[in-house]
Amino acid sequence: MSDPRDLPNAKTSPDVVRALDQLVLKGLELRASDIHIEPKEHMLRVRMRVDGVLVEQRPLPDTYAQPMISRIKVLGRMDIAERRAPQDGTFTFQAEGSPAVAVRASIFPSMSGEKAVLRLLLGGKLLGLDELGTSPEQSETLRRMSQRPGGLILVTGPTGSGKTSTLYALLNELDADRRNVVTLEDPIEVPVARITQGQIEPKAGFTFATGLRSILRQDPDVILVGEIRDVETARIAVQASLTGHLVLSTLHSNSSADTMLRLVDMGIEAYIVANALICVVAQRLVRTLCPACAELHTTDPALIDELGFPAPGLERTLRSTGCARCLKTGFKGRSAIFDVVPIDDEIRAVIKTAQTSLEIKKVLGRKGLPTLRRAGVDLVATGQTTLAEVLRVT
């Protein structure tokens with residue numbers, strides 16, 4: 001692939017088209033989730049989010065800035081003349097001999113010009129529960145919960161932590177021939193045979209809340225809601241889970257304990273939340289060490305102290321150094337860590353009365369359920385990642 005800076009006369013349309021195509025192709029080659037294109041003084045800065053971290057790429061000349069933003073606007077069906085307001089759009093990118101890739105584009109006006117972020121919706125194959133990275137005990141818990149006739153299963157974690165993959169893995173466990181499975185997604189990332197998938201369209205009034213109300217008139221057995229974003233969607237989802245429907249969804253919170261109170265903070269009565277929830281899954285993605293350049297070293301005692309619990313055997317661990325194979329980051333690929341909490345009577349009782357998540361964490365601690373940090377330490381012990389990386393994401 002040629003260096004985009006070598007392209008002749010960036011102001012001509014064919015060269016801008018080719019430069020943008022090369023950026024997207026490079027992003028796909030690196031399996032980047034996002035491409036950041038940002039005008040700066042004397043250059044057009046380009047970064048790609050690889051394994052959750054932004055990696056600097058070779059910049060483009062500043063003469064590419066406005067033509068490239070205009071090209072993205074045209075592809076995303078945005079207003080090419082509007083430069084003062086943020087805009088969003090989607091388009092499909094397809095290189096010769098490769099499958100089509102959905103791209104979600106966001107334009108944001110800044111002091112130095114309009115910045116574009118392209119999210120590459122790579123999709124992919126459905127993973128089974130045993131392929132996610134859960135322990136055998138966690139996989140069995142999730143498999144058992146997916147067979148329940150009703151209740152609410154929530155998956156939590158930051159953006160890009162693999163929540164959608166977990167939801168799809170749960171869908172994969174269902175008997176879709178005997179159960180009516182309907183989803184509400186934004187966007188639909190992986191088409192799944194034998195289930196009904198709906199994509200929200202806010203501009204047409206098709207939101208998570210309105211879509212969920214409509215689904216309830218479709219005689220569903222299982223409902224997947226891509227994300228609970230507001231109290232209206234939360235109330236409908238909770239009520240649906242209490243009336244004989246299995247509801248799967250995601251929620252943004254920091255931990256499984258925080259998730260249990262997040263719905264209460266949104267205004268739903270604690271006793272209703274306690275009765276609706278049947279399982280909470282918290283997850284993170286940690287970068288795995290590049291096998292070509294990882295080296296053994298003495299672990300910083302301050303990192304071990306920061307864990308907050310004894311971790312014998314971590315005095316000598318692998319660390320990242322960086323090489324050409326891993327783009328000088330020291331890491332290549334990611335692995336998931338999980339905290340899976342089935343809701344039993346004891347946890348329900350504390351949800352109904354808890355004022356802070358600390359009260360719930362104490363109960364979970366007594367039960368001995370593996371936390372995200374402990375799951376991460378297991379990966380450190382087997383040489384898959386570093387202690388600093390585990391502490392970064394947990």
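Helices (H or I, at least four residues) and strands (E, at least two) are DSSP runs, numbered from the N terminus. This is a predicted model, where local features need pLDDT of at least 70 and side-chain atom pairs count only at pLDDT 80 or more, while totals for chains, interfaces and linings use all residues. Residues are numbered from 1 along each chain as its sequence is written, and side-chain values use heavy atoms, leaving out hydrogens and water.

**Figure 1. The whole chain, with its 13 helices and 15 strands.** Let's start with the overall picture. The C-alpha atoms fill a box of roughly 70 × 60 × 40 Å, taken along the principal axes. A compact globule of 394 residues would have a radius of gyration near 21 Å, and the chain's 23 Å agrees with that. (This radius is taken over C-alpha atoms, and the globule rule is 2.2 Å times the number of residues to the power 0.38.) Buried residues make up 48% of the 394 residues; buried means under 20% relative accessible area, exposed over 50%, and partly exposed in between, with a 1.4 Å probe and protein chains only. Among contacts (heavy atoms within 4.5 Å) between residues at least 6 apart in sequence, 63% join residues at least 24 apart.

**Figure 2. The end of helix H2 and the loop after it.** Within H2, the buried residues are Ala65, Met68, Ile69, Ser70, Ile72 and Lys73. Gly76 sits in the loop between helix H2 (65–75) and strand E4 (87–93). Gly76 counts as buried because its relative accessibility is 7%. Beyond its neighbours within four places in sequence, Gly76 touches Gly89, Thr90 and Phe91. Its C-alpha atom is 9.0 Å from that of Ser106, a residue 30 places away along the chain. Just after H2, Arg77 takes a positive phi of about 55°.

**Figure 3. Helices H5 and H6 side by side.** Here H5 (residues 208–215) packs against H6 (residues 231–242) at an angle of about 20°, with the axes 8 Å apart. H5 is therefore roughly parallel to H6. Axes are lines fitted to C-alpha atoms, for helices over the stretch in contact, and angles run from 0 to 180 degrees between N-to-C directions. Angles under 35 degrees count as roughly parallel, over 145 as roughly antiparallel, 65 to 115 as roughly perpendicular and the rest as oblique. Look for Phe208, Ala209, Leu212 and Arg213 in H5, which meet Glu232, Thr233, Ile236 and Ala237 in H6.

**Figure 4. Helices H10 and H11 where they cross.** The axes of H10 (residues 345–353) and H11 (residues 357–367) come within 9 Å and cross at roughly 165°. That angle is why H10 is roughly antiparallel to H11. On the H10 side, the contact is made by Glu346, Ile347, Val350, Ile351 and Thr353. H11 contributes Glu359, Ile360, Val363, Leu364, Arg366 and Lys367.

**Figure 5. Two loop residues with a positive phi, Arg194 and Lys328.** Most residues other than glycine have a negative phi. Arg194, which is not a glycine, has a positive phi of about 75° and lies in the loop between strand E8 (181–185) and strand E9 (196–199). Arg194 is exposed, with a relative accessible area of 53%. Lys328 is not a glycine either, and its phi is positive at about 70°. You will find Lys328 in the loop between strand E14 (316–319) and strand E15 (331–342); at 64% relative accessibility, Lys328 counts as exposed.
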